[in-house]
Amino acid sequence: MSEQEKNIEEEKRHKPYSKYRNQNDTESNFRLNLSFKPKHALPYLIVILIFILSLYLVFLLVDGVLMPALVHNKKLVKVPDLTGKSLNEGLALISGAKLAYKISHEIYSEEYPSRTIVKQVPYHNMEVKEGRTLYLTVSKGKETVSVPYLINLPLSKARLELMNKGLELGEISYDFSETVGRDSIMAQSEQRNKFVPYGSVIHITVSQGSNAQEEVPMLTGLWLEEVSFVLDEHGFELGNITFQKNETYTLNTVIAQFPPAGEMHRKGTRIDVTISQ
């Protein structure tokens, strides 16, 4: 091999192949063949068509033969009327009609007692197949709330506490108490934290204070002869009598007293008076 031929061979190994390749050969070998030949695709089309026809035949078989065979062999029954019946009564009727049931909702109700059927789907007298599921809405009875603790609260605050709970203030009675202050709640008709229906009425008893204490009566302006009678009526005794000149009040009338009127004191307390002269 000559020196020139060796150089050409060496250049072929280091230069791009396309330089020494025929242009027509390159285009013919590297061009994508995108032509469609129907005779080559026909077997694939036949397989796809057979698959689609098979699926359609299976659908016709299930829909036209199997499903009717499963459904039409069941009898038609009328749905019983369950609304307003207790859950136990309703389940007995459902069982007798060879139907199934499911409790779909439980709701509070002012009209229906607890565990009473409020609604049903399907409705009564509809004809359905045996085994059909009835969906029931069942009452939980009236909504309940817990009773607040009212003892020792003043009347105004007790009323507010009941209102915030959705309860109503009922009868108010009064009684004496040695432990609860005057004008505070000393008793309530329902115990604290007990659950009662929403809107229930709670009766209360308000303290009048200790039975051993009494409000001192107003004596100013009374005749001296009247003082003993009034004090005795309220459970007090006449104490020291002091005379004092006074140009405003009539002679022999009370112009001052101690303890003053309106204070609470034990019965039997001695009330001192000052008389005009």
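Leaving aside neighbours within four places in sequence, which residues is Leu231 in contact with? They are Pro217, Leu219, Phe236, Glu237, Leu238 and Ile271. The model is predicted. The protein chain contains 6 helices and 15 strands, and the points below take up helix 6, strand 5 and its partners, Thr205 and the aromatic rings.

**Whole chain**

- The protein chain has 277 residues, of which 25% are buried.
- Of the contacts between residues at least 6 apart in sequence, 69% join residues at least 24 apart.
- The chain exposes about 19700 Å², and carbon and sulfur atoms supply 55% of that area.

**Helix 6 and Leu231**

- Helix 6 spans residues 224-233, and its buried residues are Val227, Val230 and Leu231.
- These buried residues lie on the same side of helix 6, because they cover an arc of only 95 degrees around the axis.
- An α-helix has 3.6 residues a turn, so residues three or four places apart point the same way.
- The other side of helix 6 carries the exposed residues Glu225, Phe229, Asp232 and Glu233.
- Cover for the buried residues of helix 6 includes strand 12 (237-244), strand 13 (254-258) and strand 15 (270-276).
- Leu231 belongs to helix 6 and has a relative accessibility of 0%. Leu231 therefore counts as buried, the limit being under 20%.
- Between Leu231 and Thr269 there are 9.6 Å in space, C-alpha to C-alpha, although the two are 38 residues apart in sequence.
- Gly235, just after helix 6, takes a positive phi of about 85 degrees.

**Strand 5 and its partners**

- Strand 5 covers residues 133-139 and is mostly covered, with 5 of its 7 residues buried.
- Strand 2 (residues 100-107) runs parallel to strand 5 and is joined to strand 5 by 7 bridges.
- In this parallel pairing, Ile103 stands opposite Leu136 of strand 5.
- Strand 3 (residues 117-121) runs antiparallel to strand 5, with 4 bridges between them.
- In the antiparallel pairing, Lys119 is the residue opposite Thr137 of strand 5.

**Thr205**

- Thr205 is part of strand 10, which is made up of residues 201-207.
- Is Thr205 buried or exposed? Thr205 is buried, because its relative accessible area of 17% falls under the 20% limit.
- Not counting residues up to four places away in sequence, Thr205 touches Ser173, Tyr174 and Asp175, and also Ser184, Ile185, Met186 and Ala187.

**Aromatic rings and charges**

- How many aromatic pairs does a search of the whole structure find? The search finds 0.
- Charged side chains do lie over rings: Lys140 is placed over the face of Tyr108, 4.3 Å from the ring centre.
- Tyr149 has the charged end of Arg192 over its ring, at 4.1 Å from the centre.

Notes: Residues numbered from 1 in each chain as written. Predicted model: local features only at pLDDT ≥ 70, side-chain atom pairs only at ≥ 80, totals over all residues. Heavy atoms only, no water. Buried < 20%, exposed > 50% of the residue type's maximum accessible area, 1.4 Å probe, protein only. Helix = DSSP H or I, 4+ residues; strand = E, 2+ residues; numbered from the N terminus. Pairing = 2+ DSSP bridges. Contact = heavy atoms within 4.5 Å. Areas by Shrake-Rupley, 256 points an atom, 1.4 Å probe, with all protein chains shown as cover. Arc of directions from axis to C-beta. Phe/Tyr/Trp six-rings, centres within 6.5 Å; stacked < 30°, edge-to-face > 60°. Lys NZ or Arg CZ within 6 Å of the ring centre and 35° of its normal.
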